[in-house]
Amino acid sequence: RSRFPRRDLSVRALDERFIRILKIFKWGPDAEKALEVLKLRVDHQLVREILKVDVEIGVKIQFFKWAGKRRNFAHDASTYMTLIHCLDEAGLVGELWKMVQEMARSTSAINPVELSEIIHILGRAKMVNKALSIFYQVKGHKCKATTSTYNSMILMLMQEGHHEKVHELYTEMCNDNNCLPDTMTYNTVISAFAKSGHSESALRLFDEMKVNGLHPTPKIYTTLLGIYFKCGEVDKALSLVQEMRDKGSALTVFTYTELIKGLGKAGRIDDAYSVFLSMRKEGCQADVVFINNMINILGRAGRLDDALKIFSEMESMRCAPNVVTYNTIIKALFESKAPASGAASWFEKMKANGIAPSSFTYSILIHGFCKANRVEKALLLLEEMDEKGFPPCPAAYCSLIDSLGKANRHEAANELFQELRENSGRLSSRVYAVMIKHYGKSGRLGEAVDLFNEMKMIGCNPDVYAYNALMSGMIRAGMIDEAHSLVQNMEKNGCSPDINSHNIILNGLARSGGPGRAMETLTKMKCSRIKPDSVSYNTVLGCLSRAGMFEEAAKLMKEMKAQGFEYDLITYSSILEAVGKVDEVREPAL
């Protein structure tokens, strides 16, 4: 016996016949006639059902417009929303916006749930300003906004990166007598404040929600954890974790990830590793993002064996490595000065395990092989990268151009630079800086200056590396005054010199201006914002040594020792031969 009554079977059969007609003849006189013959009354339910039929979107729009012109029928929010969803699925954003506007202008009531849906749809279509416009238009006339409606609006703004507007809407919500912020509101607004750098506001809201009797979610705690670590407040971050435990709020894998990242950044590697071990004991399932971060922390700290141990345990943790995992291991191998062949074998291993290398994989390998003086291998990898269809990677080209320049293969470096310029269009300031440096080193200062001027002509503002590269070339060519003028121009153009900028000038003065000007510049540096470093002191020390001013050099060495700087060993040996041990230098009589 059928579970449908006879009448229901009849209606289903009639509907199926109409659907077939609609699919064959589209919307038009034939389909309209079929409605009459089948005695299907045009009401809201029928309109919704026909809009759900799998036919072209144009047919649905035509039917919707036809139905809206029928006597004794007016579309309501349910029919508008059904068509809006259809237009959203079809990606017809222009028609979608027109329909939303029509709905807002119509006499049909709109409830808070429907307003939230419209906001969500417009936000997903990247129509943020239009969503704001509809929100205020509907909120003022057709619908009283609820906490949920505000949350939809705030969440949309957050997802689209309008963090400042989030704060504005939150303030408006607090002033609306119908609405009180709930946990979801605080969750979104605290995240927005964190992402826009308003740490104090985020912390204030965290306290406010607790005063209002709301319990922070693990996500909120995790956001606050990130803020404390970013501000260097490690103890407060750890106290927050303890508060989570005390309040019975479960530490999620996202919380653990933020925790180890913060501890790693603070240099507390053992603590980060202990968190990893305790997380496993507590039964929290690690994901690949957590594992990748833990491997990265250990790799950067030189604890390669521990990093490799975690990788070997991933299978038992039911966590499959991805391309980032392999990239992190390969990078750690190069940074630990392990044989380059080890990194190459991991590259082959990842491919054998079905993990496709990314552009970043090749960039890491090329940089690593360049550092290991395996330039030919790096060039082969660049060729393989091109064959795989990856776009030119400026970082990889920079490493190769730099290595070829250091090996005095300046023509090969120039060829790579021209190749990158032709294939990638606009180049970054860093790429130009590398090439300017090698033109300067190879005595082709004119070409270095031309390249620097080209940067400015095409709107690529030279950064501190580009300025330093050109200054270094000028110093090599004995153009000290020109290099000094470049530092002044640099500051006028809004680019702040760094310690290397000052050391380049200091080196030029030490080599051609004599010890007096070098000592004078060092003294000025001591009183400036950028203090001298080990390179600064050793540059002047070498200058004093070459001038035979050994007692002055010995005094400077004592000053260096007090500052915690190490001496240049060659200069140190020559000074010791001349004046004996530094400690024996007599203090001047008062």
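Which residues are linked with Arg303 in a network of salt bridges? Asp270 and Asp306 are, so that's a little network of three residues to start us off. Hi everyone. Before I go on, please keep in mind that this is a predicted model.

Okay, salt bridges. The general idea is that side chains of opposite charge can pair when their charged atoms come close. In this structure there are 24 salt bridges, and I'd like to walk you through a few of them.

Let's take Glu376 and Arg409. Their side chains meet in a salt bridge, with 2.8 Å from N to O. Now, where do these two sit? Glu376 is in helix α22, which covers residues 375-387, while Arg409 is in the loop between α23 (394-406) and α24 (410-424), so this pair ties together parts that are 33 residues apart in sequence. How open are they to the outside? Glu376 is partly exposed, with a relative accessible area of 45%, and Arg409 is partly exposed as well, at 33%.

Next up, Asp402 and Lys437. Here the closest N and O atoms of the salt bridge are 2.9 Å apart. Again we're linking distant parts of the chain: Asp402 belongs to helix α23 and Lys437 to helix α25, residues 429-441, with their positions 35 residues apart in the sequence. So is Asp402 buried or exposed? The cut-off for buried is under 20% relative accessible area, and Asp402 comes in at 17%, so Asp402 counts as buried. Its partner Lys437 is partly exposed, with a relative accessible area of 29%.

One more pair, please bear with me. Glu411 and Arg444 form a salt bridge through their side chains, at 3.2 Å from N to O. Glu411 is in helix α24, and Arg444 is in the loop between α25 and α26 (445-457); the two are 33 residues apart, and here too the pair links distant parts of the chain.

Now let's turn to the loops and have a look at the backbone. Which way does the phi of Asn373 go, positive or negative? Positive, at about 60 degrees, although Asn373 is not a glycine. You'll find Asn373 in the loop between α21 (359-371) and α22. To count as exposed, a residue needs over 50% relative accessible area; Asn373 has 67%, so it counts as exposed.

Then there's Asn408. This residue also has a positive phi of about 60 degrees, and it isn't a glycine either. Asn408 sits in the loop between α23 and α24, and it is exposed, with a relative accessible area of 60%. If that loop sounds familiar, it's where we met Arg409 a moment ago.

Last topic: empty space inside. Rolling a probe the size of a water molecule over the atoms shows where empty space is left. How many cavities of 30 Å³ or more does that give us? The count comes to one. The largest cavity holds about 40 Å³ of space.

What's around it? The lining is made up of Asn296, Gly299, Arg300, Thr328, Lys331, Ala332 and Glu335. Two elements give two or more residues to that lining, namely α17 (288-300) and α19 (323-335). Of the elements, α19 gives the most, with four residues. And by class, the lining has one nonpolar, three polar and three charged residues.

That's my tour, thanks for listening.

Note on methods
Residues are numbered from 1 along each chain as its sequence is written. This is a predicted model: local features need pLDDT of at least 70, side-chain atom pairs count only at pLDDT 80 or more; totals for chains, interfaces and linings use all residues. Side-chain values use heavy atoms; hydrogens and water are left out. A salt bridge is a side-chain nitrogen of Lys or Arg within 4 Å of a carboxyl oxygen of Asp or Glu. Buried means under 20% relative accessible area, exposed over 50%, partly exposed in between (1.4 Å probe, protein chains only). On a 1 Å grid over the protein atoms alone, a cavity is a set of points where a 1.4 Å probe fits but cannot get out, and a pocket is an open set with protein on both sides within 12 Å along at least five of seven lines; lining residues have an atom within 4 Å of a point. Grid points are joined across faces, edges and corners, and a volume is the space filled by probe spheres set on the points. Ala, Val, Leu, Ile, Met, Phe, Trp, Tyr, Cys and Pro count as nonpolar, Asp, Glu, Lys and Arg as charged, and the others, Gly among them, as polar.
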